[in-house]
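Welcome! Here are some exercises to help you find your way around a new structure, each followed by a worked solution. Have a look at the picture first, then try each task before reading on.

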Amino acid sequence: MPKTNFPMKGNLQKKEPKILQEWTKTNLYKKIRKEKQGKKIFILHDGPLYANGNIHIGHAINKILKDIIIKEKGLMGYNAPYIPGWDCHGLPIEIKIEKKIGKPGKNMDHTKFRISCQKYANAQIKKQKKDFIRLGIFGDWENPYLTMHPSTVANTMLTFKKILSQGHIYQGIKPTYWCFNCTSTLAESEIEYYDINSVAIYCTFKIHDTKKITETFNIPKSHNAIYPVVWTTNPWTLPGNQAIAIHPEQNYQLIQINNNKVIIINEKLVQYIIQKAQITTWKIIGTTQGKNLQNIICQNPITNHNIPIVSNEKITNKIGTGLVHIAPGHGLLDYLIAKKYKLKIINLINKNGLYQSKIFDKLNGLNIKQINTKIIQTLQKNNTLFHIDNIQHSYPHCWRHKTKVIFRSTKQWFISVPKKQLLDSSKTSPINQVNWFPKWGKTRIKAMLANCPDWCISRQRIWGIPIPLFVHKKTNTLHPNTLNLIEKIANKIKKQGTQFWWNLKIQDILNIKESQNYYKITDTLDIWFDSGSTYFTVIQTRPEFMHHTPNIYLEGHDQYRGWFMSSLIISNAIEKKPPYKNIISHGFAVDKNGHKMSKSLGNIITPKEIINKFGADIIRLWTASTNYTNEITMSEKFLQNTIDIYRKIRNTARFLLSNLNDFDPNIHIIPQKHMIALDCWAISYTKKTQKNIIALYEKYDFHNVVQKIMNFCSIKMSSFYLDIIKDRQYTTIKHSVNRRSCQTAMYHIIQALVRWISPIISFTAQEIWQHIPGQHKTHLFTEEWYKNLYHLNPKEVLNEKYWNLIQKIKDEINIIIEKEKNNHAVHSSLETNVILYAKPNLAKKLKIIENELYFALSTSSAKIKNYYEDHKKLAIPCKNLNNLKILITKAKGDKCQRCWHYTTDIQKNTKYPTICHRCINNITGIGETRKFI
């Protein structure tokens, strides 16, 4: 009878820490690396996690998906090292330290502040590392890569040097996102959009040259003054206005309103504006194309400066008036227009959000909200406020502070982004060299790049990697020996740490004369440069990776505008190729209502909560069971479904192990040619399933891997094969071929199954591995796919198709028996006899195993008759087999207390009065002979 020490209950919360302790004690990761040494390399490069805060469910999803791939690649025979990484610089850490000990320069000096940031980052890494290890993630946790490590900082500087040497880095005055709370520029990836209510104003600029307008609109009468109407939601930018932009191909109309004032509006917006401003009397005087208005001079209503009308094809007629006021210091489109028309770029706002321009003295020192009020008051006073409104619209916010940002022009360092080359449609273009999972990832990265301006890589921060440059005070040019200087500084940082740069005085590295003419850049690099450089700072420097291009970058969907893009831009700038072969992206964790998990909504379920309640293998299985390319739903219901899947897999493994309790593979393995036919099928089907599972793993299709395993355990094994062999396993002679044959099959099955599940439920797989009989390596994770399976010959009669037919018949019979059970006619399938009325071709096939067929059908007897012998028409036609009818009758005789079959030979043996003749033979005689089932 079955017997095993492998328990039914997982009790994972208590078992997993013990298994983890053993893995740590034996340094399993190091053992795997030693075992795989010399094999083909596979690199999954870890996108550096930010060293701040506890890990959340999204972190767990990300690391588990990576771990599944790494472990699967080990089974494939690859050497697949995994080096976890952390992003250590940036504003969030600065904010934490500021809250804790105050602002640098005010409460402490910059050096002590950086030391505090470093200590904080190290503490966060230690905490996060512990939580990832508890999830069963294998990696070189003792030697992760950190963007703040001196060698990584130095290599990041050398990466910067390579891009600089290629001519892709320049300093420019250009509007970039600016957060007043961060007091720094922000990258596009640091921006979130929220709907807000804003004041929207329509104001009039004045055109003095009415004669020119008369000619342009081809009208006979001239007017005293004509006013283009400009719309803006940022009144505070009006003092920085340098032009009005119109669309060259769209029509603009001259409108006389209230029998007096004459205005210019895009013809598509006339009705809308007239209605909104509640103008009762108006008429169209003339119409002309926008290009005819170019170079006409207007007067700014705030500064009274004269400015031109210019054209741009991006001006829309969907909102506003079709005339856009251009403030090049505070808008990206404005800036591009200014470059084309050589307009002046004025930055109105200082780093703290206060007005700094001398253009309009009354505004100096005011914040934007105050300026808006003053501007509106001024427009009302000089009668140039045409209309005022409130609108709801999407507006950029700092993703850290959730506060509004502005475009602000300052001197910054940029990487030029060669969009044309990156977006080239040829097969050799960087994007087309990459495989994207899911496929829409290619479309998304293209859209991101198409809308991406040149990358602003400088930040006005204290905690970060320095930009190691010296700039001439008068000419704003770099020192002629810049590349060598960067090399020299990087080498010093490798030995002395990043503080070397901050302590460095110009005269320490430049001669006395030069030190008087140059100044040191104090900006830091955008942290996306830190992480985007890791192809060069980590992959090309760590010996484990041997300079190979990473096979996979795997991160959340948000990284198309983050790490995926920054890595691509940097690699392309240096090597004209992508830094990865495959991109895999996953969705975010959401609750049962589809809402993203957040503290503010109170819908967070942390990995620690799940582990403490159910175990790490449950969160691992939940991750694998979900189609991660979409949003990933986390709820009690989904966790319960996962637990049900886990139980089915565990129970199948337990059944197999319990029936191998007396099996020694070195002694009891039965060769294929001597095995029972059904057992050969079980091994063959296992091999076929393994092939399918490997193919799904290779496509990173993990939720279908889980489905395949579930189908194997529930349908093919539990409901068919394992259900059938119970009789042979429990009733035939212990050491007979009958029993050892099915044990041989079960041994092969558990050897395969434990490998299939090992990348996903790793703790349980290791526990199963320890209970499998025979000699094998201590750790499952040094193994590869099981190779001792074999296929049935398709040309043989009892091939896979044959056994699929038997299963179909069994399924049909079970449906009928289930109805009989519901009617209380029988209590089990063994209380029934079955007659199969089959057409000749089917009957011929079934007669091959007729004497043993009832074992396959789990009935007490089974007879095969001609399809047309059902004279009383009592048999039920099969839905899925049109050449078969089934008749179920209640079995005659008594129930054998040993095999539970019903026979008429009970009580005929005085020594064994309660068991059947077959069982007596198996106990006292030579035992029954099985050939097929």
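**Exercise 1. A small sheet**

In what order do the 3 strands of the open sheet lie, and is their pairing parallel or antiparallel?

Solution. Keep in mind that this is a predicted model.
- Step 1: The order in the open sheet is β2-β3-β4, with parallel pairing.
- Step 2: Now look for the edges. Strands β2 (49-50) and β4 (145-146) each pair on one side only, which makes them the edge strands.
- Step 3: Zoom in on one pairing. Strand β3 (residues 85-87) runs parallel to β2, and 2 bridges join them.
- Step 4: Pick out one bridge: Y50 has D87 in β3 as its partner.

**Exercise 2. Salt bridges across the sequence**

Find how many salt bridges the whole structure holds, then study the one between E767 and K15 and the one between K73 and E698.

Solution.
- Step 1: A search of the whole structure gives 37 salt bridges. As background, side chains of opposite charge can pair when their charged atoms come close.
- Step 2: In one of them, the side chains of E767 and K15 meet at 2.8 Å, N to O. Helix α27 (residues 762-771) holds E767 and helix α1 (residues 12-25) holds K15, so this salt bridge ties together parts that are 752 residues apart in sequence. E767 has 6% relative accessibility, so it counts as buried.
- Step 3: K73 and E698 form another salt bridge, with their closest N and O atoms 2.7 Å apart. This pair also links distant parts of the chain, 625 residues apart: K73 is in helix α3 (residues 57-75) and E698 is in helix α24 (residues 677-698).
- Step 4: Check the surroundings of each partner. K73 is buried because its relative accessibility is 3%, while E698, at 28%, counts as partly exposed.

**Exercise 3. A network of charges**

Start from the salt bridge between E784 and K787 and find the network it belongs to.

Solution.
- Step 1: The closest N and O atoms of E784 and K787 are 3.6 Å apart.
- Step 2: K787 is exposed, with 61% relative accessibility.
- Step 3: Follow the shared partners: salt bridges join K36, K39, E784 and K787 into one network.

**Exercise 4. Rings and charges**

Is the ring pair of F663 and Y747 stacked, tilted or edge-to-face?

Solution.
- Step 1: This pair comes from a search of the whole structure that finds 32 aromatic pairs.
- Step 2: The ring centres of F663 and Y747 are 5.7 Å apart and the planes meet at 45 degrees, so the pair is tilted. The angle falls between the cut-offs of 30 degrees for stacked and 60 for edge-to-face.
- Step 3: Place the two residues. F663 is in the loop between α22 (636-658) and α23 (665-668), and Y747 is in helix α26 (residues 737-757), 84 residues apart. F663 and Y747 are both buried.
- Step 4: Look for a ring cluster elsewhere. Ring pairs link W436, W440, Y553, Y560, W563, F564 and Y580.
- Step 5: Rings can also have a charge over them. The charged end of K71 sits over the ring of F138, 3.9 Å from its centre, and that of K261 sits over the ring of Y227, 4.6 Å from its centre.

**Exercise 5. Cysteines without a bond**

Why is C203 not bonded to C298?

Solution.
- Step 1: A disulfide is a covalent bond between the sulfur atoms of two cysteines.
- Step 2: The closest cysteine sulfur to that of C203 belongs to C298, and at 11 Å it is too far for a bond. C203 is buried, at 0% relative accessibility.
- Step 3: C456 is in no disulfide either, as the nearest cysteine sulfur, in C452, is 11 Å away. C456 is buried, with a relative accessible area of 6%.
- Step 4: The disulfide count comes to 0.

**Exercise 6. Two residues compared**

Decide whether N197 and E800 are buried or exposed, and list their contacts beyond four places in sequence.

Solution.
- Step 1: N197 lies in strand β7 (residues 191-204). Its 61% relative accessibility makes N197 exposed, and N197 touches I391 and Q392.
- Step 2: E800 is in helix α28 (residues 800-822). At 17% relative accessibility, E800 is buried, and its contacts are W681, Y685, K688 and L792.

Methods. Residues are numbered from 1 along each chain as its sequence is written. This is a predicted model: local features need pLDDT of at least 70, side-chain atom pairs count only at pLDDT 80 or more; totals for chains, interfaces and linings use all residues. Side-chain values use heavy atoms; hydrogens and water are left out. Rings of Phe, Tyr and Trp (its six-membered ring) pair if their centres lie within 6.5 Å; planes under 30 degrees apart count as stacked, over 60 as edge-to-face and the rest as tilted. Helices (H or I, at least four residues) and strands (E, at least two) are DSSP runs, numbered from the N terminus. Buried means under 20% relative accessible area, exposed over 50%, partly exposed in between (1.4 Å probe, protein chains only). A charge sits over a ring if NZ of Lys or CZ of Arg is within 6 Å of the ring centre and within 35 degrees of the ring normal. Contact means heavy atoms within 4.5 Å. A disulfide is a pair of cysteine sulfur atoms within 2.5 Å. A salt bridge is a side-chain nitrogen of Lys or Arg within 4 Å of a carboxyl oxygen of Asp or Glu. Two strands pair if DSSP finds at least two bridges between them.
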